[in-house]
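Welcome! Here are a few exercises to work through with the structure open beside you. Try each task before you read its solution.

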Amino acid sequence: MSEARIMVETKDQVALLRLHRPHVLNALNQALVKRLADLLEELDRKDGVRAIVLTGGDKAFAAGADIQELAGMDAVDFVNRPYFADWERIRRVAKPIIAAVKGYALGGGNELAMCCDMIIAGESAKFGQPEINIGVMPGAGGTQRLTKAIGKAKAMEMILTGRMLTADEALAWGLVNRVVPDGQVEEEALALAGEIAQKPPIAVRLAKQAVNRAQELTVEQGLQFEQHAFYLLFSSEDQQEGMQAFMEKRKPQFKGK
Ligand code: CO8
């Protein structure tokens, strides 16, 4: 079996990516993360795709970085490779990505789910940053994204104890959008992606960027970004179509132009 196996299906303008290294609970080795970044960039450029769902297996979305691979690395390897460059590529994907999580989302797996824009969790989902138990700490955004998502006190507790959250706790703490029975996770994520795929794609992309700016910039800078993105949309055909359709009381036909 290829070490970087990811299945891809596309239907109704939504692409579904499935991580597939079941023998190690989808542990994220470098080849898998690179393949994922390659595929996401490809889908980001592809006209017929407007939203993406990322999922794993029944037992694990992803159980973290591949500890077997990590164990053989030293600090200089991280600098020379560079280990996190593919994570940056994933972070820059412009189209919306929804994580559909069943089972373990741990360490890099939880960080990957948080790199997505929304998370649909199955009842079996377990979210955690257990790096502390193996002598390290989160390295792919966990200390930053988790803190923004659930607040300092709770992020501190998860990161310093390595304790896992159940799906219901993750919902109560604001980490996930909703919890559904495991058998419906993919369907629910695909339905949400399908709904977004009907919206005007340029506005979706700019709105995604603007919301992400709220995590990264001051309110002043974020407002400035939002206003510029808003102005920009007034040069799109979809803005004219959307407003015209509203006034004519008909369904808009968005073209992504
Ligand atoms: N890396 C490599 N192999 C793994 C990993 C992993 N993260 N997780 C599970 N496996 C392997 C196991 O070694 C085992 O292999 P084998 O059958 O050959 O012994 C197989 O998957 C099944 O696992 P278990 O037998 O352990 O299954 P259990 O149901 O008993 O336990 C757990 C499931 C609780 C998920 C357990 O496997 C576990 O604790 N895994 C490790 C979780 C962890 O510590 N994750 C954090 C890793 S560090 C990290 O993510 C750093 C992130 C920063 C950089 C991100 C870059 C990608």
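A residue counts as near a molecule if one of its heavy atoms lies within 4 Å of it. This is a predicted model, in which local features need pLDDT of at least 70 and side-chain atom pairs count only at pLDDT 80 or more, while totals for chains, interfaces and linings use all residues. Residues are numbered from 1 along each chain as its sequence is written, and side-chain values use heavy atoms, with hydrogens and water left out.

**Exercise 1.** Find how many residues surround the ligand, and which are the closest.

Solution. Start with the shell: 24 residues surround the ligand. The closest are K59, A63, A65, I67 and G108. Next, sort the shell by type: 15 residues are nonpolar, five polar and four charged. (Ala, Val, Leu, Ile, Met, Phe, Trp, Tyr, Cys and Pro count as nonpolar, Asp, Glu, Lys and Arg as charged, and the others, Gly among them, as polar.)

**Exercise 2.** Work out which atoms of K59 and A65 lie close to an oxygen atom of the ligand.

Solution. Look for polar contacts, pairs of N or O atoms within 3.5 Å. For K59, a side-chain N or O atom is 2.7 Å from a ligand oxygen. For A65, a backbone N or O atom lies 2.8 Å from an oxygen atom of the ligand. Then add I67, where a polar backbone atom is 2.9 Å from a nitrogen atom of the ligand.

**Exercise 3.** Describe how helix α6 lies against helix α7.

Solution. Helices here are DSSP runs (H or I, at least four residues), numbered from the N terminus. Take α6 (residues 142–150) and α7 (residues 152–161): their axes come within 7 Å and cross at roughly 135°. (Axes are lines fitted to C-alpha atoms over the stretch in contact, and angles run from 0 to 180 degrees between N-to-C directions.) Therefore α6 is oblique to α7. (Angles under 35 degrees count as roughly parallel, over 145 as roughly antiparallel, 65 to 115 as roughly perpendicular and the rest as oblique.)

Key. A polar contact is a pair of N or O atoms within 3.5 Å; within protein, one must be able to donate a hydrogen and the other to accept it, and residues adjacent in sequence count only if both atoms are side-chain atoms. Helices (H or I, at least four residues) and strands (E, at least two) are DSSP runs, numbered from the N terminus.
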